[in-house]
Amino acid sequence: FMPQKVATCVFAFGEGTNYQIGTGAAKNYFSPIQIPFITNIVSICGGFEFTAALNMSGQIFTFVTNTN
């Protein structure tokens, strides 16, 4: 689950053992943690093992399960 905070930063929590949370660490988070370097988010969506966020400049950030 990827809730937003006032469109300026993104917080995430849940299973992250395959780097899918976006923190750069392969670990689970049981309480919300701010995702570094992601700011000015205007839209966010998620699905099965992925999340995508769009910022005010039109950049898209994605977080996916990093497995083959």
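This report walks through the fold, the core and a few individual residues of the structure above.

The model is a predicted one, so local features are kept at pLDDT of at least 70 and side-chain atom pairs at pLDDT 80 or more, while totals for chains, interfaces and linings use all residues. Residues are numbered from 1 along each chain as its sequence is written, and side-chain values use heavy atoms, with hydrogens and water left out.

**Overall fold**

Let's begin with the secondary structure: the protein has 6 strands and 0 helices, giving the pattern β-β-β-β-β-β along the sequence. Strands here are DSSP E runs of at least two residues, and helices are H or I runs of at least four, numbered from the N terminus. Of the 68 residues, 26% count as buried, where buried means under 20% relative accessible area, exposed over 50% and partly exposed in between (1.4 Å probe, protein chains only). The protein exposes about 4,400 Å², and carbon and sulfur atoms supply 57% of that area; accessible areas come from the Shrake-Rupley method with a 1.4 Å probe, and for residues only the protein chains shown count as cover. Among contacts with a separation of 6 or more, 28% come from residues 24 or more positions apart, a contact being heavy atoms within 4.5 Å.

**The open sheet**

In the order 4-5-6, 3 strands form an open sheet with antiparallel pairing. Its edge strands, strand 4 and strand 6 (60-64), each pair on one side only. Neighbouring strands of this sheet are turned by 15 degrees against each other on average, direction ignored; the axes are lines fitted to C-alpha atoms, and angles run from 0 to 180 degrees between N-to-C directions. Two strands pair if DSSP finds at least two bridges between them, and strand 4 and strand 5 are joined by 6. One bridge links G46 to T51 in strand 5.

**The nonpolar core**

The largest nonpolar core has 9 residues, namely V10, A12, I21, Y29, I35, I38, I41, A53 and F63. Such a core is a set of buried Ala, Val, Leu, Ile, Met, Phe, Trp, Tyr and Cys residues joined through side-chain atoms within 4.5 Å. Strand 2 (9-14) and strand 3 (29-39) are the elements that give two or more residues to this core, and strand 3 supplies the largest share, 3 residues. As for Y29, leaving aside neighbours within four places in sequence, this residue is in contact with F13, G14, I21 and T23.

**Individual residues**

Here are four residues with their accessibilities.

| Residue | Location | Relative accessibility |
|---|---|---|
| N18 | loop between strand 2 and strand 3 | 26%, partly exposed |
| F37 | strand 3 | 78%, exposed |
| N40 | loop between strand 3 and strand 4 (41-47) | 34%, partly exposed |
| N55 | strand 5 (residues 50-55) | 8%, buried |

Two of these have an unusual backbone note: F37 has a positive phi of about 70 degrees although it is not a glycine, and N40, also not a glycine, has a positive phi of about 55 degrees. N18 lies 9.3 Å from E49, C-alpha to C-alpha, with their positions 31 residues apart in sequence.

N55 touches T39, N40, I41, V42 and F61, not counting residues up to four places away in sequence. A polar atom of the N55 side chain also lies 3.0 Å from the backbone nitrogen of S57.

How values were computed: Polar contact = N/O pair within 3.5 Å; in protein donor to acceptor, adjacent residues only side chain to side chain.
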